[in-house]
Amino acid sequence: MEDCLFCKIIRKELPANVVYEDDLIIAFDDINPKAPVHTLVIPKEHFSSLNDITEAQHALMGYILLKIQMIADKKGIAESGYRIVLNTASDAGQDVFHIHFHLLGGRRMTWPPG
Ligand code: AMP
Ligand code: ZN
């Protein structure tokens with residue numbers, strides 16, 4: 001998508017600290033981290049939010065979770081623990097409308113979330 005911030009990162013038109021990339025997904029560190037580890041994992045195909053995901057993407061969604069498991073291990077937080085956040089639409093505070101999974105770790109998380 002032409003004006004999408006994360007599509008620009010995918011096309012390398014904007015810089016990012018890329019921690020993993022393949023044909024389907026890219027993972028890069030959040031520019032404003034909310035935890036010692038805060039990585040965003042996104043599909044290269046543009047979907048605005050989880051609300052735009054259909055049965056056609058069910059394998060892609062599972063693939064992303066498996067890769068998050070691998071990235072958590074690479075970041076050294078697999079054993080200590082981590083949280084996956086998928087903000088969807090306004091009540092969740094979604095700011096960037098290219099679906100993205102937040103991988104957060106490296107500190108104790110609180111519950112319930114704010
Ligand atoms: P959300 O509020 O769930 O839409 O999350 C958007 C996230 O994208 C926020 O945590 C931002 O800090 C992050 N973000 C915005 N712009 C960039 C960027 N250029 N590079 C990396 N992360 C970004
Ligand atoms: Zn996009």
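Pro-112 is placed in the segment that follows strand β5 (101-105). In this predicted model, the peptide bond between Trp-111 and Pro-112 is cis, with an omega of about 5 degrees. A further backbone feature concerns Lys-12, which has a positive phi of about 65 degrees although it is not a glycine. Lys-12 belongs to the loop that runs between α1 and β1 (18-21).

Ligand 1 sits in the largest pocket. The shell around ligand 1 holds 18 residues, of which Asp-30, Asn-87, Asp-95, His-100 and His-102 come nearest. By residue class, this shell divides into seven nonpolar, seven polar and four charged residues. Three elements, namely α1 (5-10), β2 (25-29) and β3 (37-43), each supply at least two residues of the shell. The largest share, three residues, comes from α1.

Polar backbone atoms of the protein approach ligand 1 at several points. A backbone N or O atom of Asp-95 lies 2.6 Å from an oxygen atom of ligand 1. For Gly-93, a backbone N or O atom is found 3.0 Å from an oxygen atom of the ligand. On the side of the ligand nitrogen atoms, one such atom is 3.1 Å from a polar backbone atom of Ile-31. Of the 500 Å² of accessible area that ligand 1 has on its own, the protein covers 85%.

Helix α1 and strand β2, which each supply at least two residues of the ligand shell, are also linked by an aromatic contact. The count of aromatic pairs in the model comes to one. In this pair, the ring centres of Phe-6 and Phe-28 are 5.3 Å apart and the ring planes stand at 75 degrees; because planes over 60 degrees apart count as edge-to-face, the pair is assigned to that class. Phe-6 lies in helix α1 and Phe-28 in strand β2, so the pair ties together parts that are 22 residues apart in sequence.

A separate set of polar contacts involves His-46, a residue of the loop between β3 and α2 (58-74). The side chain of His-46 is joined to the side chain of His-98 by a polar contact of 3.2 Å. In addition, a polar atom of the His-46 side chain lies 3.4 Å from the backbone oxygen of Phe-97.

Note on methods. Residues are numbered from 1 along each chain as its sequence is written. Chains are lettered from A and ligands numbered from 1 in the order in which they are written. This is a predicted model: local features need pLDDT of at least 70, side-chain atom pairs count only at pLDDT 80 or more; totals for chains, interfaces and linings use all residues. Side-chain values use heavy atoms; hydrogens and water are left out. A residue is near a molecule or strand if one of its heavy atoms lies within 4 Å of it. A polar contact is a pair of N or O atoms within 3.5 Å; within protein, one must be able to donate a hydrogen and the other to accept it, and residues adjacent in sequence count only if both atoms are side-chain atoms. Accessible areas come from the Shrake-Rupley method with a 1.4 Å probe; for residues, only the protein chains shown count as cover. On a 1 Å grid over the protein atoms alone, a cavity is a set of points where a 1.4 Å probe fits but cannot get out, and a pocket is an open set with protein on both sides within 12 Å along at least five of seven lines; lining residues have an atom within 4 Å of a point. A molecule sits in a cavity or pocket if more than half of its atoms lie within 2 Å of its grid points. Helices (H or I, at least four residues) and strands (E, at least two) are DSSP runs, numbered from the N terminus. Ala, Val, Leu, Ile, Met, Phe, Trp, Tyr, Cys and Pro count as nonpolar, Asp, Glu, Lys and Arg as charged, and the others, Gly among them, as polar. Rings of Phe, Tyr and Trp (its six-membered ring) pair if their centres lie within 6.5 Å; planes under 30 degrees apart count as stacked, over 60 as edge-to-face and the rest as tilted.
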